[in-house]
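This report looks at how a ligand is held in a protein model. The structure is shown first, and the description follows.

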Amino acid sequence: MTTRDHVLRALRDSGAGGVSGESIAHVLGISRVAVSKHVAALRALGYVIEAVRGSGYVFVSAPDLALPAEVEPLVRDPLWHDFAGGPSTGSTNDDARLLAREGAGEGCVVVAASQDAGRGRMGRTWTSPAGGAYFSVVLRPPVAPSQAGPLALVVALGVARGLEAVGVVAGLKWPNDLQLRGHKLAGVLLEMSAESDRIDWVVAGVGINVSRPEHPFEGAAYLSESRPGIGAATAVAAALDGIAEVYAVWRDGGFAPLRAAYEERSVLKGRAVVVSDLTGAVRANGTVLGIDDEGRLLVGGRAGVEAVVAGEVTLRR
Ligand code: BTN
């Protein structure tokens, strides 16, 4: 926890009675000027903190933003711990990779209310304005790299299940997109460091479009369209709990027990698609039949059934 988080906790814990800057300064071993600077920074983030004569600071309300201090109290699953991040960062995936390299344990979370160097799949940029939800988690699955293929699907399914728990029913577009009414609601970026027989770490990053901005992105869907008023902290906490639940099933039994749940939510089943790889080369062209126990997309075409491990799916008209 940063000093600012400690100041925030002291303000919250003081309740309606308030707490003086002097007392916070004394407990945290910092100056009163430092306390007032932290209070000003918290107000700039959207916290409402009143200054009341005789009481000191009185905590009134918190913004529902994807900030570690707002997400952590809402998360129920014990997998998640050590919440890092803040109002803005370059990329939560970059931050989590750094933490993983430094030895952060499974379940460490980095969450931010905006990113200025957000990254998407296939080398794309993930534009990450304030009002969205951006987070990454460190996982250390005890499996060989060859078994990690379905992990992106596991995370996407977890996010979908978590969002269902807060009233948003999204579809899954293989491998790891969430959609609302054919528009992209969220995406997953998985990065991994492994040796030949063991995974060192996986960083799973999730970006969710939460509030519809004045100028929405073309092709984007927003949580608020499905559940008006939902906040980013609520969305991140729900997604984290959903991921933890699905990840536990995968760790114990692989993808097979999750296959039906993924297929139920698939927006591709029965659709005519073209699947291409990073270079744009066509890997499969035909009708989506489903996915198999390894999370591969089954596409039936002229040459028979193709099981596709990775790629970009485009719907054919
Ligand atoms: C996609 O291309 O659909 C995946 C997008 C993943 C974006 C998230 S936002 C949090 C994390 N940090 C990043 O830089 N990217 C991921």
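## Ligand site and salt bridges

The ligand occupies the largest pocket. A pocket is an open set of points on a 1 Å grid over the protein atoms alone, with protein on both sides within 12 Å along at least five of seven lines; a molecule sits in it if more than half of its atoms lie within 2 Å of its grid points. This is a predicted model, in which local features need pLDDT of at least 70, side-chain atom pairs count only at pLDDT 80 or more, and totals for chains, interfaces and linings use all residues. Residues are numbered from 1 along each chain as its sequence is written, and side-chain values use heavy atoms, with hydrogens and water left out.

The shell around the ligand has 20 residues (a heavy atom within 4 Å), and the closest are S91, Q115, R119, R121 and K184. β8 (183-194) supplies at least two shell residues, as do α5 (92-101), β5 (133-139) and β9 (199-208). The largest share, four residues, is from β8.

Polar contacts to the ligand (N or O pairs within 3.5 Å) include these:

| Residue | Protein atom | Ligand atom | Distance |
|---|---|---|---|
| S91 | side-chain N or O | oxygen | 2.7 Å |
| T92 | polar side-chain atom | nitrogen | 3.2 Å |
| N93 | backbone N or O | nitrogen | 3.5 Å |

Of the 420 Å² that the ligand exposes when taken alone, the protein buries 99% (Shrake-Rupley method, 1.4 Å probe).

The whole structure contains 19 salt bridges (a side-chain nitrogen of Lys or Arg within 4 Å of a carboxyl oxygen of Asp or Glu). One of them joins E164 and R265, at 2.7 Å from N to O. E164 is in helix α6 (residues 151-165) and R265 in helix α9 (residues 259-265), so this pair ties together parts 101 residues apart in sequence.

Technical notes: A polar contact is a pair of N or O atoms within 3.5 Å; within protein, one must be able to donate a hydrogen and the other to accept it, and residues adjacent in sequence count only if both atoms are side-chain atoms. On a 1 Å grid over the protein atoms alone, a cavity is a set of points where a 1.4 Å probe fits but cannot get out, and a pocket is an open set with protein on both sides within 12 Å along at least five of seven lines; lining residues have an atom within 4 Å of a point.
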